[in-house]
Amino acid sequence: MDQQNSRFRWVVFVSVLFTYLFMSSQRTAPGLITEQVMRDFQVSATTIGLLTSMQFFVYTSLQIPMGILADRFGPNFFLIIGAIITGVGTILYSLGTHEFVLFFARILTGIGDATIWVNLVLILSQWFKVKEFVRLIGFAGMTGSLGFLLATVPFSAWIDLLGWRAAFFSAGIALCLSGILLYFVLVKKPRQLFPTASVQDEFQRQNILLLLKRIFVNRQAWALFFCHFGVVGGYVGFISSWAVPYGMNMYDLTRSDASQLIMVGLVGALIGAPLTSWISSRLETIKGPYVMVHFIVFTSWSAFLFFKGNPPFFMLILLFFIIGFGFGASALTFAVVRQSFPMRESGLVSGFANTGGFLSAVLLPVIFGKVLDHFQSVSGNMTEGYFYGFIIPVIFSLIGLFGVSSIKEMRQTESVKPESSRLN
């Protein structure tokens, strides 16, 4: 029995997604303690923005190299080491006594986090047939949203119970243990069950520079880059840094109440991932539903400007749900990758597209923080600061709308030709 027909593939599926759950939670969990870190370490909003962006900067810069390495050497090793590095970074963050320690800890967390998505996609590709993969990639995207959900009310309650240092320390330990679990599931057990299994890797016979050049001049790849830029980064960058302070400053919410507000967006993301995949499958088109998602996300961010950064509370809930739904739908980006490019290049192209999504997550917290600092120092008016800050995700989502409109659609019944990655 081969890997794609074995029952053990479901053990792999659960173990990998369990690790992804914890790793994704640590992308946004520091946003829960923004006010405490500013107070304890006496740092400005700009510093907090830089601290948040540091992890996303490292994550973003490593996506293309990780795609190359995963395609060439296999995904298992990188995912195992990545989980452990993320755990160590989280532990150091909990023990930090100086802002430089916090920066170093987030760099480590970013390095570990950079391993998760590209390698997850490749691992599922190895263990599941194509039809199963298309269905399960939506659940993988939903798991990332569950990780963000874990970093709202549940982790906020954990912080209230233990204090933020002990809470982050325990999360780091859990991640290290997840890495050990992955070793047994991805390496040790498969060697016993499938001793003759081997991975045929065409990528090793290709010239990396020529492949990179081909990807970088490919219009479809750039369309996916900008598509992901618009729908992912604005949401991830905002909830990981300024969403909780926004709720506290603009609506006088407690940290716990503000995290519940963010949870609404995460519920939208949980629904968006499987629902948009199902709709695309039923309609046998990805581009049409995805264009609509991007347009709605752009309209939702624009609503914050229309209401001067302070929409009615009931509308705020709806806006976060819609924006979260759009983030969940971003799994469609990788459905297009699978549809448009040969399997041997899927790691690199996935990394390239993912770079776009998290580049905007790097930029948004820093720019948003600078805008808030400017208006805080000039007028002390936080409402005005948030109003101008929301121009940033509006611009980002407009770029995303341009990207998704530029995607060249392929019917889902078509097979990918070997030279399809050369489309211009």
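In the predicted model, His 228 is found in helix H12, which covers residues 219-239. With a relative accessibility of 2%, His 228 counts as buried, since the cut-off for that class is under 20%. When its neighbours within four places in sequence are left aside, His 228 is in contact with Gly 233, Tyr 290, Ser 330, Thr 333, Phe 334, Ala 353, Asn 354, Gly 356 and Gly 357. Gly 233, one of these contacts, is itself placed in helix H12 and is buried, with a relative accessible area of 0%. Beyond the residues up to four places away in sequence, Gly 233 touches His 228, Phe 238, Gly 357, Ser 360 and Ala 361, so that Gly 357 appears in the contact list of His 228 and in that of Gly 233. Gly 233 and Met 248, by contrast, are 15 residues apart in sequence and lie 22 Å apart in space, C-alpha to C-alpha.

Helix H12 also takes part in covering helix H20, for what covers the buried residues of H20 includes H12, helix H15 (287-306), helix H18 (346-378) and helix H19 (382-389). Helix H20 itself comprises the 15 residues 391-405 and reaches 21 Å from its first C-alpha to its last, close to the 21 Å expected at 1.5 Å a residue. Within H20, the buried residues include Ile 392, Pro 393, Val 394, Phe 396 and Ser 397, and further along the helix Gly 400, Leu 401, Gly 403 and Val 404 are buried as well.

Helix H1, formed by residues 8-28, gives a comparable agreement between expectation and model, in that its 21 residues should span 30 Å at 1.5 Å a residue and its end C-alpha atoms are 32 Å apart. Because 15 of the 21 residues of H1 are buried, this helix is largely enclosed by the rest of the structure.

In helix H8, which runs over residues 130-150, Leu 149 counts as buried at 17% relative accessibility. Apart from neighbours within four places in sequence, Leu 149 is in contact with Pro 154, Met 263, Leu 266 and Leu 270. Leu 149 and His 98, which are 51 residues apart in sequence, are separated by 29 Å in space, C-alpha to C-alpha.

Two loop residues were examined for their backbone angles. Asp 252, although not a glycine, has a positive phi of about 55 degrees; this residue lies in the loop between helix H13 (243-251) and helix H14 (255-283) and, at 71% relative accessibility, counts as exposed. Lys 308, likewise not a glycine, has a positive phi of about 60 degrees, lies in the loop between H15 and helix H16 (313-328), and counts as exposed at 54% relative accessibility.

For the chain as a whole, 20 helices and zero strands are present. The radius of gyration is 21 Å, close to the 22 Å that the globule rule gives for 424 residues, and the chain is therefore as compact as a globular protein of that length. The C-alpha trace spans about 65 × 45 × 35 Å along its principal axes, and 58% of the 424 residues count as buried. Among contacts between residues at least 6 apart in sequence, 86% join residues at least 24 apart. The accessible surface comes to about 17,200 Å², of which 68% belongs to carbon and sulfur atoms, while the mean positions of the 28 positive and 19 negative charges are 10 Å apart.

Note on methods. Residues numbered from 1 in each chain as written. Predicted model: local features only at pLDDT ≥ 70, side-chain atom pairs only at ≥ 80, totals over all residues. Heavy atoms only, no water. Helix = DSSP H or I, 4+ residues; strand = E, 2+ residues; numbered from the N terminus. Rg over C-alpha atoms; globule rule 2.2 N^0.38 Å. Buried < 20%, exposed > 50% of the residue type's maximum accessible area, 1.4 Å probe, protein only. Contact = heavy atoms within 4.5 Å. Areas by Shrake-Rupley, 256 points an atom, 1.4 Å probe, with all protein chains shown as cover. Lys, Arg positive; Asp, Glu negative; His and termini not counted. Charge placed at Lys NZ, Arg CZ, Asp CG, Glu CD. Expected span 1.5 Å × (residues − 1).
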